[in-house]
Amino acid sequence: AALESHRASTAAATLVIAGHGEGGVFIDPSSGRLLGLPAHNGIQRIAEGGLEVSFCGASFLEPRALDHLPKGEPGCLLRDGLVPLLREGAPIHTWRSAGIHLDVGTPERYWAAHRWRLDAFPGVRVEEGAQVPPGSRLLAPLFVAEGAVIEGPADLGPQAVIGAGSRVAAGARVSEAAIYGAEIRGTVRRQVRVGGAQVTFG
């Protein structure tokens, strides 16, 4: 539907949007036309007012939407590509997704997305293929993915995601954490760990 909407328009680009508030993207709610985007120094606006929404990261672009992107070096579609088009008055439209969009641009927001998922499916879920030995203490909400290995009795949860490839040592305690492909010993709380990298939040 989003592609059909873009093809039916004369827009240089169509952005897929969701929600409202704190997204830094402003639209005309009646037409869906873009009115403002995040720029180097605040919001680049072509008109005041409008509804603030979130950009989901998906877009449909005509070749002219790429004309302002830097050649041979990294660039930002919004800042380098679409903000100049806004200044030129080129039509940029939006299409609203009915799905759920969660911004995961910071560790806190990344964890909030995990919390949302855990809250949406409460309880203890251990996928087939996960190794969880007897004697482990499992507290909801908890998700243990296929391929995760709990090496000995451990305390898991509440509010924990143990992803595939993770190994949790006997006696470990994991709560309020998202673990992917990491080796865990001791106590882990309010952390996101991916492989050898970790971020503590809150």
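User: Which residue of S14 is the bridge partner of alanine 160?

Analyst: In this predicted model, alanine 160 has alanine 177 as its bridge partner in S14.

User: What makes S12 and S14 a strand pair, and in which sense do they run?

Analyst: Pairing calls for at least two bridges between two strands. Strand S12 (residues 160–162) is joined to S14 by three bridges, so the condition is met. The two run parallel.

User: How do you know that S11 pairs with S14, and which residue of S14 stands opposite aspartate 155?

Analyst: S11 and S14 share two bridges, in the parallel sense. Since at least two are needed, two bridges are enough for a pair. Opposite aspartate 155, on S14, stands arginine 173.

User: And S16: how many bridges join S14 to it?

Analyst: Seven bridges join S14 to S16, and these strands also run parallel. Here arginine 173 appears again, standing opposite threonine 187 in S16.

User: What makes you describe S14 as enclosed or open?

Analyst: Burial means a relative accessible area under 20%. Six of the eight residues of S14 are buried, so the rest of the structure largely encloses this strand.

User: Back to aspartate 155 and arginine 173. Why is their contact called a salt bridge?

Analyst: The cut-off is 4 Å between a side-chain nitrogen of Lys or Arg and a carboxyl oxygen of Asp or Glu. For aspartate 155 and arginine 173 the closest N and O atoms are 3.6 Å apart, so the pair qualifies. The partners come from distant parts of the chain, with aspartate 155 in strand S11 (residues 155–156) and arginine 173 in strand S14 (residues 173–180), 18 residues apart.

User: Are those two partners buried or exposed?

Analyst: Arginine 173 has a relative accessibility of 52%, so it counts as exposed, given that exposed means over 50%. Aspartate 155, at 23%, counts as partly exposed, because its value lies between the 20% and 50% limits.

User: What makes arginine 190 and glutamate 176 a salt bridge?

Analyst: Their side chains meet at 2.6 Å, N to O, and that is within the 4 Å limit. Arginine 190 sits in strand S16 (residues 187–194) and glutamate 176 in strand S14, so this contact ties together parts 14 residues apart in sequence. Glutamate 176 counts as buried at 14% relative accessibility, whereas arginine 190 counts as partly exposed at 24%. Through salt bridges that share partners, Glu176, Arg189 and Arg190 form one network.

User: How do you know that glutamate 127 and arginine 125 form a salt bridge, and how accessible are they?

Analyst: The closest N and O atoms of glutamate 127 and arginine 125 are 3.5 Å apart, so the contact falls within 4 Å. Glutamate 127 has a relative accessible area of 26% and is partly exposed. Arginine 125, with 46%, is partly exposed as well. A search of the whole structure finds seven salt bridges.

User: Arginine 125 makes me curious about the second largest pocket. Which residues are closest to its centre?

Analyst: The second largest pocket has a volume of about 220 Å³. Of its 13 lining residues, Arg117, Leu118, Arg125, Phe143 and Val161 are the closest to its centre. Helix H3 (107–120) and strand S9 (142–144) are the elements that give two or more residues to the lining, and H3 gives the most, with four. By residue class, the lining divides into nine nonpolar, two polar and two charged.

User: What makes a set of residues a nonpolar core, and which members of the largest one touch the most others?

Analyst: Members must be buried nonpolar residues joined through side-chain atoms within 4.5 Å. The largest such core has 18 residues, of which Leu15, Val25, Leu34, Leu37, Leu82, Leu85 and Ile92 touch the most other members. At least two residues each come from strands S1 (13–18), S2 (25–27), S3 (34–39) and S5 (51–61) and from helix H2 (77–88). H2 supplies the largest share, five residues. Another core, of 17 residues, lies apart from this one, and Ala154, Leu156, Val168 and Val188 are among its members.

User: Why are S10 and S15 called edge strands?

Analyst: Three strands form an open sheet with parallel pairing, in the order S10-S13-S15. Strands S10 (149–150) and S15 (183–184) each pair on one side only, as edge strands do. Two bridges join S10 to strand S13 (residues 167–168), and isoleucine 150 has valine 168 as its bridge partner in S13.

Note on methods. Residues are numbered from 1 along each chain as its sequence is written. This is a predicted model: local features need pLDDT of at least 70, side-chain atom pairs count only at pLDDT 80 or more; totals for chains, interfaces and linings use all residues. Side-chain values use heavy atoms; hydrogens and water are left out. On a 1 Å grid over the protein atoms alone, a cavity is a set of points where a 1.4 Å probe fits but cannot get out, and a pocket is an open set with protein on both sides within 12 Å along at least five of seven lines; lining residues have an atom within 4 Å of a point. Grid points are joined across faces, edges and corners, and a volume is the space filled by probe spheres set on the points. Ala, Val, Leu, Ile, Met, Phe, Trp, Tyr, Cys and Pro count as nonpolar, Asp, Glu, Lys and Arg as charged, and the others, Gly among them, as polar. Buried means under 20% relative accessible area, exposed over 50%, partly exposed in between (1.4 Å probe, protein chains only).
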